[in-house]
Amino acid sequence: MGSIIGAMSAEMDARALLESLVGQQIHTVTGRPNTVMAVAGDIVTVATDRSPAGEPVPIEWVQSGLDRLLETGEIEVGVPSLGYRGAFVAAVLLKVPGAVLVPTTPRRIRLTDPLGAYRLNEAGPVNAWWAGDPRQRFWLETTDRPDIGVDLHCPQRDTVGNRSPGFSLIWWVEPDDVVFHYSLNEYAITAWSRAAGHVTEAPTVWLPHRAATRRRLLTPRAQPGWWLDLDGPFPLEQPLTLAQLRERADDIRAVLEQLKSDHDGSLYFPFFLWGGSQLRPMQPYVSKLPAELLGLFPQLTGAAAASLVESPQPPAPGAQGLGTSYRQAQVGPWPSGRQPSTPDPALVERGLKGHADIQNELAQVLRNPGIEPRSPLPSEPNFDLAWEANGTVFVAEIKSISDDNEEGQLRLGLGQVLRYRHRLARLGHQRVVAVLVPERTPHDGSWENLCHELGVVLLSGSEIEDAPTLTPM
């Protein structure tokens with residue numbers, strides 16, 4: 001924030017801002033129109049409904065408000081802070097890049113980064129009671145999706161066009177936060193994931209959880225959506241069932257009451273007591289899972305600990321096993337035109353049908369001769385799948401390609417699989433072979449030569465039957 005404010009203050013003054021607004025109609029925080037008619041000398045002339053011919057306002061009043069906003073990053077809207085023409089001054093300040101209106105009482109104008117401004121404008125205000133507390137990095141997705149944990153995605157508005165905290169909260173999930181996944185089909189928290197990147201926009205196909213709304217709409221419908229990519233999912237060692245949650249209902253109630261005592265406003269708590277006694281998951285898609293709840297359940301505390309594991313020091317040779325049981329690749333419901341836009345574009349690509357089909361087919365090809373395909377542990381690189389044969393670890397990155405994106409996809413895949421090979425070797429695996437699996441043979445034959453020079457196996461989708469017989473290069 002300091003660097004943003006410093007850069008702005010060095011190049012912005014009230015006169016320049018007002019001159020850029022001449023002829024424009026701007027609105028006060030209550031919605032009243034003001035028109036900047038002219039800037040001359042030390043005066044700006046402003047027309048209002050009551051004074052259509054215009055009234056003079058000293059530019060220094062605007063400059064004073066601008067200076068305070070740039071200095072502190074936030075200013076209260078009202079006469080005590082902005083003066084007699086505070087409504088107009090506030091309307092001008094809201095034209096400062098990154099300035100947003102915070103609907104507190106009294107209202108305030110706050111400088112934020114462009115992403116933060118967009119978030120507040122699009123998702124609306126959220127009572128971020130957890131702000132500043134590094135323990136509060138946990139969330140709960142409640143869904144009946146068959147591909148639970150592949151990502152977070154939801155509509156931008158509810159069925160009547162209003163903002164909903166259950167959707168808007170997706171914007172407050174920070175990179176590396178932990179998202180637990182409650183399956184409405186299994187009545188249990190079954191897995192967890194790590195948030196990767198930031199929210200992007202793309203259409204989503206959605207049917208709300210609420211039974212009455214489902215009966216009215218009958219079928220899912222496409223609408224503007226928000227997407228957040230996840231690293232995972234990682235199944236819990238033992239699902240945390242609704243029955244187990246209900247056994248600790250009194251303890252969960254105590255956590256809720258303590259939070260109510262400590263914080264004003266909405267808590268976005270993930271559970272409620274129906275009829276005052278029966279614990280049920282809340283219907284909103286995303287809820288805030290307080291850190292205080294994790295201590296009640298070993299499954300959650302174990303996942304939280306695993307989520308903090310980074311790249312460890314290399315263990316003794318052979319001390320590190322390879323991955324965990326293979327997780328079937330799921331096909332995401334997003335349109336095929338959605339483009340990767342996070343630090344790890346593979347997270348998006350893994351939901352595409354072509355990618356999922358090849359990955360699952362490769363897993364089955366390995367199973368046929370008795371080789372077990374593996375999915376990554378939280379402490380391992382996020383490969384598509386890996387396997388071990390004859391003392392060698394093979395790690396695969398699958399790439400869906402087309403004539404238009406072949407070069408970019410193969411460059412991306414090669415970089416990823418080389419990184420996976422390096423990290424697995426640091427985890428103590430003595431022999432690691434990188435395998436790049438495009439869904440078809442590249443049109444550019446030089447890719448085969450490049451992969452051979454780098455010790456990478458290039459195995460196209462039509463050749464995956466050869467996977468069980470691969471040998472180190």
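In which loop does Asn390 lie? Asn390 lies in the loop between strand 18 (385–389) and strand 19 (392–399).

## Basis of the model

This is a predicted model, in which local features need pLDDT of at least 70, side-chain atom pairs count only at pLDDT 80 or more, and totals for chains, interfaces and linings use all residues. Residues are numbered from 1 along each chain as its sequence is written, and side-chain values use heavy atoms, with hydrogens and water left out. Helices (H or I, at least four residues) and strands (E, at least two) are DSSP runs, numbered from the N terminus.

## Loop residues with positive phi

Asn390 has a phi near 55 degrees, a positive value in a residue other than glycine. With a relative accessible area of 77%, Asn390 is exposed. Here, exposed means over 50% relative accessible area, buried under 20%, and partly exposed in between (1.4 Å probe, protein chains only).

Asp176, in the loop between helix 7 (165–168) and strand 10, also has a positive phi, near 80 degrees.

## Strand 10 and its partner

Strand 10 (residues 178–183) is mostly covered, with 6 of its 6 residues buried. Val178, Phe180 and Tyr182 point one way from the strand, whereas Val179, His181 and Ser183 point the other way.

Strand 8 (residues 138–143) runs parallel to strand 10, and 6 bridges join them. Two strands pair if DSSP finds at least two bridges between them. Thr143 has Ser183 of strand 10 as its bridge partner.

## The hairpin of strands 13 and 14

Strand 13 (residues 271–274) and strand 14 run antiparallel and are joined by 4 bridges. They form a hairpin with 3 residues between them, and Gly275 in the turn has a positive phi of about 70 degrees.

Side chains alternate along strand 14 (residues 278–281): Leu279 and Pro281 point to one face and are buried, while Gln278 and Arg280 point to the other and are not. Pro281 is also the bridge partner of Phe271.

## A negative surface patch

Glu361, Glu448, Glu463, Glu465 and Asp466 form a negative surface patch. Patches consist of residues with over 30% relative accessible area and no salt bridge, with like charges joined within 9 Å. A salt bridge is a side-chain nitrogen of Lys or Arg within 4 Å of a carboxyl oxygen of Asp or Glu. The place of a charge is taken as CG of Asp or CD of Glu, and accessible areas come from the Shrake-Rupley method with a 1.4 Å probe.

Within this patch, Glu448 lies in helix 16 (residues 446–453). Glu448 counts as exposed because its relative accessibility is 55%.

Technical notes: Patch = residues over 30% accessible without salt bridge, like charges linked within 9 Å, V, L, I, M, F, W, Y side chains within 5 Å. Lys, Arg positive; Asp, Glu negative; His and termini not counted.
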